[in-house]
Amino acid sequence: MEDACLHTSDATITICPSLYNYALGIIGDKQKVFLIENSIFDEVKVAQKTT
């Protein structure tokens, strides 16, 4: 079921390099797999509201 979801999705967002590599191995299309890394060591930035 997981493989079927990855194959039929328009895009896949992963949160670490190992998941990125796993999904890319199944999907095989770098333009459909994205990596967004979160780290407890990175400073949190809050967007300012613009008017």
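This is a guided tour of the structure shown above, going from the whole chain to its helices, strands and single residues.

**The whole chain**

Begin with the entire protein chain on display, bearing in mind throughout that this is a predicted model. The protein chain holds two helices and two strands, and anyone who follows it along the sequence meets them in the pattern α-β-α-β. If you now switch on a surface, the accessible area that you are looking at comes to about 4,600 Å², with 57% of it belonging to carbon and sulfur atoms. Of the 51 residues in the chain, 20% count as buried. Among the contacts with a separation of 6 or more, 2% are accounted for by residues 24 or more positions apart.

**Helix 2 and its two sides**

Next, select helix 2, which spans residues 17-27, and colour its buried residues, namely Tyr 20, Ala 23, Leu 24, Ile 26 and Ile 27. Why do these residues lie on the same side of helix 2? They do so because they cover an arc of only 160° around the axis. Turn the view to the face that points away from this buried side, and you will find the exposed residues Ser 18 and Gly 25 there.

What covers the buried residues of helix 2? The cover includes helix 1 (2-8), strand 1 (12-14) and strand 2 (33-35), so it is worth showing these three elements together with the helix. Before moving on, step just past the end of helix 2 to Gly 28, where the backbone takes a positive phi of about 80°.

**The nonpolar core**

Keep the buried residues of helix 2 coloured and add Leu 6 and Val 33 to the selection, since the largest nonpolar core consists of Leu 6, Tyr 20, Ala 23, Leu 24, Ile 26, Ile 27 and Val 33, seven residues in all. Helix 2 gives the most to this core, with five residues. In soluble globular proteins, nonpolar side chains tend to be buried together. For a closer view of one member, centre on Ile 26, which, apart from its neighbours within four places in sequence, is in contact with Asp 3, Leu 6 and His 7.

**Two threonines in strand 1**

Now move to strand 1 and pick out Thr 12, which has its place there. Thr 12 counts as buried because its relative accessibility is 11%, below the 20% limit used for that label. Its side chain makes a polar contact with the side chain of Ser 9, at 3.2 Å. If residues up to four places away in sequence are not counted, Thr 12 touches Leu 6, Ala 23, Ile 27, Lys 32, Val 33 and Phe 34.

Thr 14 is found in strand 1 as well. Is Thr 14 buried or exposed? With a relative accessibility of 5%, Thr 14 counts as buried. Leaving aside neighbours within four places in sequence, the residues in contact with Thr 14 are Leu 19, Tyr 20, Ala 23, Val 33, Phe 34, Leu 35 and Ile 36.

**Leu 35 and Pro 17**

From Thr 14, follow the contact to Leu 35, a residue that lies in strand 2. Leu 35 is partly exposed, having a relative accessible area of 36%, and its contacts beyond four places in sequence are with Thr 14, Ile 15, Cys 16, Pro 17 and Tyr 20. Draw a distance between the C-alpha atoms of Leu 35 and Pro 17, and the separation is 7.0 Å, although the two residues are 18 residues apart along the chain.

Pro 17 itself lies in helix 2 and counts as partly exposed at 38% relative accessibility. Not counting residues up to four places away in sequence, Pro 17 touches Leu 35 and Glu 37. A second distance can be drawn here, as the C-alpha atoms of Pro 17 and Glu 37, which are 20 residues apart along the chain, are separated by 7.9 Å.

**The cysteines**

For the last stop, select Cys 5 and Cys 16. Cys 5 is partly exposed, at 47% relative accessibility, and Cys 16 is likewise partly exposed, with a relative accessible area of 23%. A disulfide is a covalent bond between the sulfur atoms of two cysteines. How many disulfides does the count give? The count comes to zero disulfides, taking sulfur atoms within 2.5 Å as the criterion.

Terms used: Residues are numbered from 1 along each chain as its sequence is written. This is a predicted model: local features need pLDDT of at least 70, side-chain atom pairs count only at pLDDT 80 or more; totals for chains, interfaces and linings use all residues. Side-chain values use heavy atoms; hydrogens and water are left out. Buried means under 20% relative accessible area, exposed over 50%, partly exposed in between (1.4 Å probe, protein chains only). Helices (H or I, at least four residues) and strands (E, at least two) are DSSP runs, numbered from the N terminus. The arc is that of the directions from the helix axis to the C-beta atoms. Contact means heavy atoms within 4.5 Å. A nonpolar core is a set of buried Ala, Val, Leu, Ile, Met, Phe, Trp, Tyr and Cys residues joined through side-chain atoms within 4.5 Å. A polar contact is a pair of N or O atoms within 3.5 Å; within protein, one must be able to donate a hydrogen and the other to accept it, and residues adjacent in sequence count only if both atoms are side-chain atoms. Accessible areas come from the Shrake-Rupley method with a 1.4 Å probe; for residues, only the protein chains shown count as cover.
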